[in-house]
Amino acid sequence: MNLLKFNKIYLTSILVGVIAFPSVNSHAATTTITLTVAGGGLSISAPASGTFGTVASPSDATLEMGAVTVTDARGASAGGSWTATAIITALTHSDLTTTIPATLFRYTAGVPTKTGTVTLTELAATAFDSAASVVSATSITGNNSAVWTPIISIPLPSGTPTGTYTGTITHSVT
């Protein structure tokens, strides 16, 4: 056999042996790594103010309030839920002695628009002297959001004193 050919075979055999059979002196270290994904929060936003305008009594005063938005960044497991509520204070006349009670208010959320996997339901709410559920979300998976434009109405009784009345609407979500 030719010496050059023999050296190629011998050298190839040595390289294959080194690659195929690691040294008994090699060492390994294993590190366990962990990643925790934190969910975000659940929040609600609404317009800072709104006005019914000027209305004579007896008649219905109506306010298209502007967008109310719930953002759910909790990354909920399948089946999560949330409920949005509203509470309305009585409207108080500028003389501070006359009020229009919150029990007269009506709140219509309309059809909410959504993002994400969520089933939204408008809830029939009346009498806002305590928190009333206005929109609920069920069958949530992952992050989601909902937007609706509520219409607030109040029938002004005959003989309601003229003047400016103020009150508040507070939205919350849990």
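The side chains of arginine 74 and aspartate 72 meet in a salt bridge, with a distance of 2.7 Å from N to O. A salt bridge is here a side-chain nitrogen of Lys or Arg within 4 Å of a carboxyl oxygen of Asp or Glu, and by this rule the count comes to one. The structure is a predicted model, in which local features need pLDDT of at least 70 and side-chain atom pairs count only at pLDDT 80 or more, whereas totals for chains, interfaces and linings use all residues. Residues are numbered from 1 along each chain as its sequence is written, and side-chain values use heavy atoms, with hydrogens and water left out.

The two partners of the salt bridge can be described by their accessibility. Buried means under 20% relative accessible area, exposed over 50%, and partly exposed in between, for a 1.4 Å probe and protein chains only. Aspartate 72 counts as buried because its relative accessibility is 1%. Arginine 74, at 30%, counts as partly exposed.

Strand 10 (151-156) offers a route into the rest of the fold; strands (E, at least two residues) are DSSP runs, numbered from the N terminus. In a regular strand the side chains alternate between the two faces of the sheet. Along strand 10, Ile152, Ile154 and Leu156 point to one face and are buried, while Ile151, Ser153 and Pro155 point to the other and are not. Two strands pair if DSSP finds at least two bridges between them. Strand 2 (residues 59-64) pairs with strand 10 in the antiparallel sense over six bridges, and leucine 63 stands opposite isoleucine 152. Strand 6 (residues 106-108) and strand 10 are likewise antiparallel, over three bridges, with arginine 106 opposite serine 153.

Strand 6 also leads to an aromatic pair. Rings of Phe, Tyr and Trp (its six-membered ring) pair if their centres lie within 6.5 Å; planes under 30 degrees apart count as stacked, over 60 as edge-to-face and the rest as tilted. A search of the whole structure finds one such pair. The rings of tyrosine 107 and phenylalanine 128 have centres 5.7 Å apart and planes at 40 degrees, so the pair is tilted. Because tyrosine 107 lies in strand 6 and phenylalanine 128 in the loop between strand 8 (125-126) and strand 9 (132-148), the pair ties together parts that are 21 residues apart in sequence. Tyrosine 107 counts as buried at 3% relative accessibility, as does phenylalanine 128 at 0%.

Both rings belong to the largest nonpolar core. Such a core is a set of buried Ala, Val, Leu, Ile, Met, Phe, Trp, Tyr and Cys residues joined through side-chain atoms within 4.5 Å. Of its 32 residues, Trp82, Phe105, Tyr107, Phe128, Val134 and Trp148 touch the most other members. Strand 2, strand 3 (68-88), strand 7 (113-122), strand 9 and strand 10 each supply at least two residues of this core. Contact means heavy atoms within 4.5 Å; leaving aside neighbours within four places in sequence, valine 134 is in contact with residues including Ala84, Tyr107, Phe128 and Trp148.

Beyond strand 10, threonine 160 lies in the loop that leads to strand 11 (165-166). Threonine 160 counts as buried because its relative accessibility is 16%. Leaving aside neighbours within four places in sequence, threonine 160 is in contact with Ser57, Ile100 and Tyr165.

Strand 11 belongs to an open sheet of three strands in the order 5-4-11, with antiparallel pairing. Strand 5 (99-100) and strand 11 are the edge strands, each pairing on one side only. Strand 4 (residues 91-93) and strand 11 pair over two bridges, and threonine 92 stands opposite threonine 166.

How values were computed. Helices (H or I, at least four residues) and strands (E, at least two) are DSSP runs, numbered from the N terminus.
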